[in-house]
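Biologist: Could you choose one part of this model and take me through it closely, beginning at a turn and working outwards to whatever adjoins it? I would rather have one connected account than a list.

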Amino acid sequence: SGLCWAMTPLSFLSVLLLLALVITAAAAKKPTSHPHVGILSAHNPGPFDVELGPNDLKELAAGKSVMKQIEDPAGGSGGKALCIQDISSPTSSVWSQILDFNSYVGKVPKLKTCTTYLTESSEDHKRLKVKMVIGVLPGYSYTCYYDHKFYPSKNSLTWSLDYEKYSDFDDVQGHWHVEDVGERRCRSKWK
(Lines give C-alpha, C1' and ligand atoms only; values in the text may rest on other atoms or scores of the structure.)
Protein backbone atom coordinates (compact mmCIF):
# COMPACT_ATOMS: atom_id res chain seq x y z
CA SER A 1 0.00 0.00 0.00
CA GLY A 2 2.87 2.38 -0.74
CA LEU A 3 4.10 4.19 -3.77
CA CYS A 4 6.19 1.85 -5.84
CA TRP A 5 7.55 2.29 -9.33
CA ALA A 6 10.27 0.64 -11.32
CA MET A 7 12.80 2.07 -13.75
CA THR A 8 14.58 0.35 -16.55
CA PRO A 9 18.36 0.72 -16.60
CA LEU A 10 18.06 3.03 -19.65
CA SER A 11 15.53 5.35 -17.99
CA PHE A 12 17.63 5.38 -14.80
CA LEU A 13 20.71 6.45 -16.83
CA SER A 14 18.62 9.13 -18.55
CA VAL A 15 17.54 10.55 -15.19
CA LEU A 16 21.15 10.51 -13.94
CA LEU A 17 22.36 12.27 -17.09
CA LEU A 18 19.64 14.90 -16.80
CA LEU A 19 20.45 15.44 -13.13
CA ALA A 20 24.16 15.82 -13.94
CA LEU A 21 23.35 18.41 -16.63
CA VAL A 22 21.14 20.39 -14.26
CA ILE A 23 23.78 20.37 -11.52
CA THR A 24 26.53 21.37 -14.00
CA ALA A 25 24.43 24.21 -15.41
CA ALA A 26 23.56 25.45 -11.93
CA ALA A 27 27.20 25.33 -10.87
CA ALA A 28 28.47 27.19 -13.94
CA LYS A 29 29.10 30.81 -13.07
CA LYS A 30 28.88 33.63 -15.55
CA PRO A 31 31.73 36.12 -15.48
CA THR A 32 31.00 39.34 -13.58
CA SER A 33 32.17 41.64 -16.39
CA HIS A 34 31.85 41.50 -20.16
CA PRO A 35 34.72 39.84 -22.08
CA HIS A 36 35.40 43.05 -24.07
CA VAL A 37 34.72 46.79 -23.93
CA GLY A 38 32.95 47.14 -27.26
CA ILE A 39 33.29 45.71 -30.75
CA LEU A 40 30.72 47.89 -32.54
CA SER A 41 31.35 51.59 -33.21
CA ALA A 42 29.63 53.96 -30.78
CA HIS A 43 27.04 56.42 -32.09
CA ASN A 44 27.51 60.16 -31.70
CA PRO A 45 24.59 62.11 -30.20
CA GLY A 46 22.70 64.53 -32.42
CA PRO A 47 20.62 64.26 -35.58
CA PHE A 48 21.37 61.54 -38.10
CA ASP A 49 20.43 61.44 -41.75
CA VAL A 50 17.87 59.02 -43.06
CA GLU A 51 16.74 59.12 -46.66
CA LEU A 52 12.96 59.21 -46.76
CA GLY A 53 11.25 58.66 -50.10
CA PRO A 54 7.71 59.70 -51.07
CA ASN A 55 6.27 56.35 -49.90
CA ASP A 56 8.04 56.70 -46.55
CA LEU A 57 6.55 60.18 -46.07
CA LYS A 58 3.06 58.81 -46.89
CA GLU A 59 3.49 56.08 -44.26
CA LEU A 60 4.59 58.63 -41.66
CA ALA A 61 1.66 60.93 -42.55
CA ALA A 62 -0.69 57.95 -42.06
CA GLY A 63 0.65 57.46 -38.52
CA LYS A 64 2.71 54.39 -39.36
CA SER A 65 6.36 53.78 -38.58
CA VAL A 66 8.96 53.33 -41.29
CA MET A 67 11.52 50.57 -40.81
CA LYS A 68 14.74 50.38 -42.82
CA GLN A 69 17.55 47.88 -42.83
CA ILE A 70 21.05 48.97 -43.84
CA GLU A 71 23.50 46.25 -44.78
CA ASP A 72 27.07 46.32 -43.55
CA PRO A 73 29.01 48.36 -46.16
CA ALA A 74 32.03 46.08 -45.61
CA GLY A 75 29.92 43.10 -46.70
CA GLY A 76 29.95 41.46 -43.27
CA SER A 77 27.07 39.65 -41.64
CA GLY A 78 26.02 42.67 -39.55
CA GLY A 79 24.06 45.76 -40.40
CA LYS A 80 21.78 48.36 -38.90
CA ALA A 81 18.07 48.70 -38.42
CA LEU A 82 16.32 52.07 -38.37
CA CYS A 83 12.85 53.05 -37.26
CA ILE A 84 11.25 56.44 -37.87
CA GLN A 85 7.87 57.47 -36.49
CA ASP A 86 5.97 60.76 -36.27
CA ILE A 87 4.27 61.27 -32.92
CA SER A 88 1.50 63.73 -32.07
CA SER A 89 3.16 64.89 -28.89
CA PRO A 90 5.82 67.41 -27.87
CA THR A 91 9.40 66.15 -27.62
CA SER A 92 9.38 66.57 -23.83
CA SER A 93 6.52 64.06 -23.51
CA VAL A 94 8.27 61.57 -25.80
CA TRP A 95 11.51 61.84 -23.81
CA SER A 96 9.56 61.38 -20.58
CA GLN A 97 8.27 58.03 -21.87
CA ILE A 98 11.59 56.88 -23.37
CA LEU A 99 13.61 57.66 -20.24
CA ASP A 100 11.16 56.04 -17.81
CA PHE A 101 12.86 52.64 -18.04
CA ASN A 102 11.25 51.35 -14.85
CA SER A 103 7.85 51.44 -16.62
CA TYR A 104 8.93 49.45 -19.71
CA VAL A 105 7.58 46.09 -18.42
CA GLY A 106 4.11 45.75 -19.90
CA LYS A 107 4.90 48.20 -22.71
CA VAL A 108 7.70 46.22 -24.36
CA PRO A 109 6.74 42.70 -25.46
CA LYS A 110 8.60 39.84 -23.72
CA LEU A 111 10.37 42.20 -21.32
CA LYS A 112 10.26 40.58 -17.87
CA THR A 113 12.43 43.01 -15.86
CA CYS A 114 13.65 46.56 -16.45
CA THR A 115 15.31 48.39 -13.59
CA THR A 116 17.61 51.41 -13.44
CA TYR A 117 20.57 50.60 -11.20
CA LEU A 118 22.63 53.79 -11.65
CA THR A 119 21.79 57.40 -12.47
CA GLU A 120 24.47 60.09 -12.82
CA SER A 121 24.41 63.59 -14.24
CA SER A 122 27.26 65.53 -15.83
CA GLU A 123 27.47 68.89 -17.56
CA ASP A 124 26.22 67.71 -20.97
CA HIS A 125 24.45 64.40 -20.34
CA LYS A 126 22.61 62.16 -17.91
CA ARG A 127 23.76 58.54 -17.59
CA LEU A 128 21.28 55.76 -16.82
CA LYS A 129 22.41 52.17 -16.41
CA VAL A 130 19.60 49.69 -16.83
CA LYS A 131 19.19 45.94 -16.36
CA MET A 132 16.76 44.25 -18.76
CA VAL A 133 15.61 40.64 -18.77
CA ILE A 134 13.94 39.54 -21.99
CA GLY A 135 11.91 36.34 -21.97
CA VAL A 136 12.52 34.39 -25.17
CA LEU A 137 10.85 31.05 -24.50
CA PRO A 138 9.23 29.66 -21.36
CA GLY A 139 12.07 29.13 -18.92
CA TYR A 140 14.69 30.90 -21.08
CA SER A 141 15.64 34.56 -21.06
CA TYR A 142 18.42 37.00 -21.95
CA THR A 143 19.83 39.34 -19.31
CA CYS A 144 21.57 42.49 -20.50
CA TYR A 145 23.00 45.55 -18.79
CA TYR A 146 22.84 48.80 -20.77
CA ASP A 147 24.67 52.10 -20.38
CA HIS A 148 22.45 54.94 -21.69
CA LYS A 149 23.57 58.55 -22.10
CA PHE A 150 20.89 61.20 -22.62
CA TYR A 151 22.05 64.49 -24.20
CA PRO A 152 19.14 66.96 -23.75
CA SER A 153 20.77 69.74 -25.78
CA LYS A 154 21.14 67.35 -28.74
CA ASN A 155 17.75 65.61 -28.27
CA SER A 156 19.59 62.28 -28.33
CA LEU A 157 20.03 59.14 -26.29
CA THR A 158 22.90 56.78 -27.11
CA TRP A 159 23.49 53.39 -25.54
CA SER A 160 25.83 50.44 -25.41
CA LEU A 161 26.22 47.49 -23.11
CA ASP A 162 27.53 48.23 -19.63
CA TYR A 163 30.85 46.44 -20.10
CA GLU A 164 31.45 46.38 -16.33
CA LYS A 165 28.76 43.68 -16.12
CA TYR A 166 28.26 40.46 -18.07
CA SER A 167 25.44 40.51 -20.66
CA ASP A 168 24.03 37.68 -22.75
CA PHE A 169 24.37 39.76 -25.97
CA ASP A 170 27.87 40.13 -27.39
CA ASP A 171 27.55 43.83 -28.19
CA VAL A 172 24.92 46.51 -28.72
CA GLN A 173 25.07 50.13 -29.89
CA GLY A 174 22.02 52.34 -30.27
CA HIS A 175 20.93 55.92 -30.88
CA TRP A 176 17.54 57.55 -30.37
CA HIS A 177 16.91 61.05 -31.68
CA VAL A 178 13.70 63.06 -31.32
CA GLU A 179 13.13 66.27 -33.29
CA ASP A 180 10.28 68.75 -33.65
CA VAL A 181 8.43 68.56 -36.99
CA GLY A 182 5.54 70.92 -36.24
CA GLU A 183 3.35 72.19 -33.48
CA ARG A 184 3.05 69.48 -30.80
CA ARG A 185 4.49 66.91 -33.24
CA CYS A 186 7.87 65.27 -33.28
CA ARG A 187 9.75 62.66 -35.28
CA SER A 188 11.35 59.83 -33.35
CA LYS A 189 14.27 58.02 -35.01
CA TRP A 190 16.30 55.17 -33.62
CA LYS A 191 18.99 52.87 -34.87
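**A hairpin and its surroundings**

Modeller: The hairpin that β7 and β8 form has two residues between its strands, and Arg-184 takes a positive phi there, near 55°. Please keep in mind throughout that this is a predicted model. The two strands of the hairpin pair in the antiparallel sense over six bridges, and one of the pairs to look for is Asp-180 with its partner in β8, Cys-186.

On pairing, β7 has a second partner to consider, since β6 and β7 are also antiparallel, joined over five bridges. Here Leu-157 has Trp-176 of β7 as its bridge partner, and Trp-176 is a residue worth holding on to, because the lining residues that lie nearest the centre of the largest pocket include it. In a regular strand, side chains point alternately to the two faces of the sheet. That general pattern is useful to have in mind when one follows a strand from one residue to the next, but the pocket linings below rest on their own calculation.

The largest pocket holds about 850 Å³ of space. Its lining consists of 25 residues, and those nearest the centre are Tyr-104, Val-108, Met-132, Trp-176 and Trp-190. Two or more lining residues come from each of β2 (79–87), α3 (91–98), β4 (126–137), β5 (140–151), β6 (156–161) and β8 (185–190), so that β8, one arm of the hairpin with which we began, belongs to this group under the strand numbering used here. The greatest contribution, however, is that of α3, which supplies four residues. In character, the lining divides into 18 nonpolar residues, six polar ones and one charged one.

The second largest pocket, whose volume is about 620 Å³, brings us back to the other arm of the hairpin. Of its 24 lining residues, His-43, Gly-79, Lys-80, Ala-81 and Gln-173 are the closest to its centre. The elements giving two or more residues to this lining are β1 (66–71), β2 and β7 (173–182), and it is β2 that gives the most, with four residues. This lining is made up of 11 nonpolar, six polar and seven charged residues.

Between β6 and β7 runs the loop that holds Ser-167. Ser-167 counts as buried because its relative accessible area, 1%, falls under the 20% cut-off. Beyond its neighbours within four places in sequence, Ser-167 is in contact with His-34, Thr-143, Cys-144, Tyr-145 and Leu-161. On the other side of β6 in sequence, Asn-155 sits in the loop between β5 and β6, and although Asn-155 is not a glycine, its phi is positive, at about 50°. Asn-155 is partly exposed, with a relative accessible area of 24%.

Moving further back along the chain, β5 pairs with β4 in the antiparallel sense over 11 bridges, and Leu-128 faces His-148 of β5 as its bridge partner. These two strands form a hairpin with two residues between them, and in that turn Gly-139 has a positive phi of about 85°. On its other pairing, β4 runs antiparallel to β3 (residues 111–121) over nine bridges, where Thr-116 stands opposite Val-130 of β4; the hairpin of β3 and β4 has four residues between its strands. Just ahead of β3, in the loop that leads there from α3, Lys-110 has a positive phi of about 70° without being a glycine. Lys-110 is exposed, with a relative accessible area of 53%.

To set this part in the whole, the protein has three helices and eight strands, which follow one another along the sequence as α-α-β-β-α-β-β-β-β-β-β. Of its 191 residues, 31% are buried, while the exposed surface comes to about 12800 Å², with carbon and sulfur atoms supplying 56% of it. Finally, among contacts with a separation of 6 or more, 45% are between residues 24 or more positions apart.

Methods: Residues numbered from 1 in each chain as written. Predicted model: local features only at pLDDT ≥ 70, side-chain atom pairs only at ≥ 80, totals over all residues. Heavy atoms only, no water. 1 Å grid on protein atoms, 1.4 Å probe; cavity = no way out; pocket = protein on both sides within 12 Å on 5 of 7 lines; lining within 4 Å. Points joined across faces, edges and corners; volume = space filled by probe spheres on them. Nonpolar A, V, L, I, M, F, W, Y, C, P; charged D, E, K, R; others polar. Buried < 20%, exposed > 50% of the residue type's maximum accessible area, 1.4 Å probe, protein only. Contact = heavy atoms within 4.5 Å. Areas by Shrake-Rupley, 256 points an atom, 1.4 Å probe, with all protein chains shown as cover. Pairing = 2+ DSSP bridges.
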